[in-house]
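Here are my comments on the model, set out point by point. Please read them with the coordinates open.

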Amino acid sequence: MLHAVIAAATEEAAKNPLIPEWYDIIWSAVCFVVIFFFFWKLVLPKMQKLLDDRAEAIEGNIAKADDAQRKAEAALVQYTAQLADARAEAGQIRDQARTDGQRIVAEHKEQAAAEAGRIAASAKAQIEAERQAAVVSLRSEVGTLAIDLASGVIGESLSDDAKASAIVDRFLAELEASEVPAQAAAPAAGKI
């Protein structure tokens, strides 16, 4: 028996422990092929489909993002153009309002000047009418006083209306003639 143990020990010593037996290799190959077939037919197509769907979704999202960015840029350009148009329109409205304001002010100034001219003309006419009334009133009073004085100086009654009227007219003409040089001298004195 010793001989058998030694033979068995030498036989085992000659075999490499890293290399399995041929039946282990065959069964391992069969299991590998079955598992490989299972993965090849079932798991890999599902994984490939999942990866393709994911890549498609990512590409779709990138396309959507690019489209959204283009739309945002177009909207920005449009809003910028609208803002520029609005600013230009606001400037035109402001200029038009300024022009309208100046025109309205000029119209009101013209109306005020016309009204002032009308009031001044009315006042001048009224003053002239009052002056003429005063001149007529003063003529009659001065005439009466002059006749009374002249009658006292002459010593005779000047009851004749034609004679009295001629004397009064001559007196007033002399009085007005003396006022004209005095009025001409007054502005010349103001200029000096």
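The points below cover aromatic pairs, a surface patch and a pocket.

1. Status of the model. This is a predicted model. Please read every value below as computed from that prediction.

2. Aromatic pairs. The structure holds four of them. One is formed by W22 and Y23. Their ring centres lie 6.2 Å apart, and the planes meet at 80°. That makes the pair edge-to-face, because the angle is over 60 degrees.

3. Exposure of W22 and Y23. Are these rings buried or exposed? W22 has a relative accessible area of 61% and is exposed. Y23 is at 42%, so this residue counts as partly exposed.

4. The F32–F36 pair. Here the centres are 6.0 Å apart and the planes are at 20°. The angle is under 30 degrees, so the pair counts as stacked. What is the spacing of F32 and F36 in the helix? They are four residues apart in α2, which spans residues 22-154. That puts about one helical turn between F32 and F36.

5. Exposure of F32 and F36. F32 has 57% relative accessibility and counts as exposed. F36 has 44% and counts as partly exposed. The cut-off for exposed is over 50%, so F32 passes and F36 does not.

6. A cluster of three. F32 and F36 do not stand alone: with W40 they form one aromatic cluster.

7. The nonpolar patch. Which residues make up the nonpolar patch on the surface? F32, F36 and W40 are among them. The other members are V33, I35, F38, F39, L42 and L44. Together the patch residues have about 950 Å² of accessible area. The three residues of the aromatic cluster are thus also part of this patch.

8. L44 in the patch. L44 belongs to the nonpolar patch and lies in helix α2. With a relative accessible area of 43%, L44 is partly exposed. Patch members need over 30%, so L44 meets that condition.

9. The largest pocket. Its volume is about 330 Å³. The lining has 11 residues. Nearest the centre of the pocket are R131, V135, L138, E176 and E179. Which elements give two or more residues to the lining? They are α2 and α3, the latter covering 161-191. The largest share comes from α2, with six residues.

10. Helix α2 across the points. Please check this helix with care. Helix α2 holds F32 and F36 as well as L44. Helix α2 also gives the largest share of the pocket lining.

Methods: Residues numbered from 1 in each chain as written. Predicted model: local features only at pLDDT ≥ 70, side-chain atom pairs only at ≥ 80, totals over all residues. Heavy atoms only, no water. Phe/Tyr/Trp six-rings, centres within 6.5 Å; stacked < 30°, edge-to-face > 60°. Buried < 20%, exposed > 50% of the residue type's maximum accessible area, 1.4 Å probe, protein only. Patch = residues over 30% accessible without salt bridge, like charges linked within 9 Å, V, L, I, M, F, W, Y side chains within 5 Å. Areas by Shrake-Rupley, 256 points an atom, 1.4 Å probe, with all protein chains shown as cover. Salt bridge = Lys/Arg side-chain N within 4 Å of Asp/Glu carboxyl O. 1 Å grid on protein atoms, 1.4 Å probe; cavity = no way out; pocket = protein on both sides within 12 Å on 5 of 7 lines; lining within 4 Å. Points joined across faces, edges and corners; volume = space filled by probe spheres on them.
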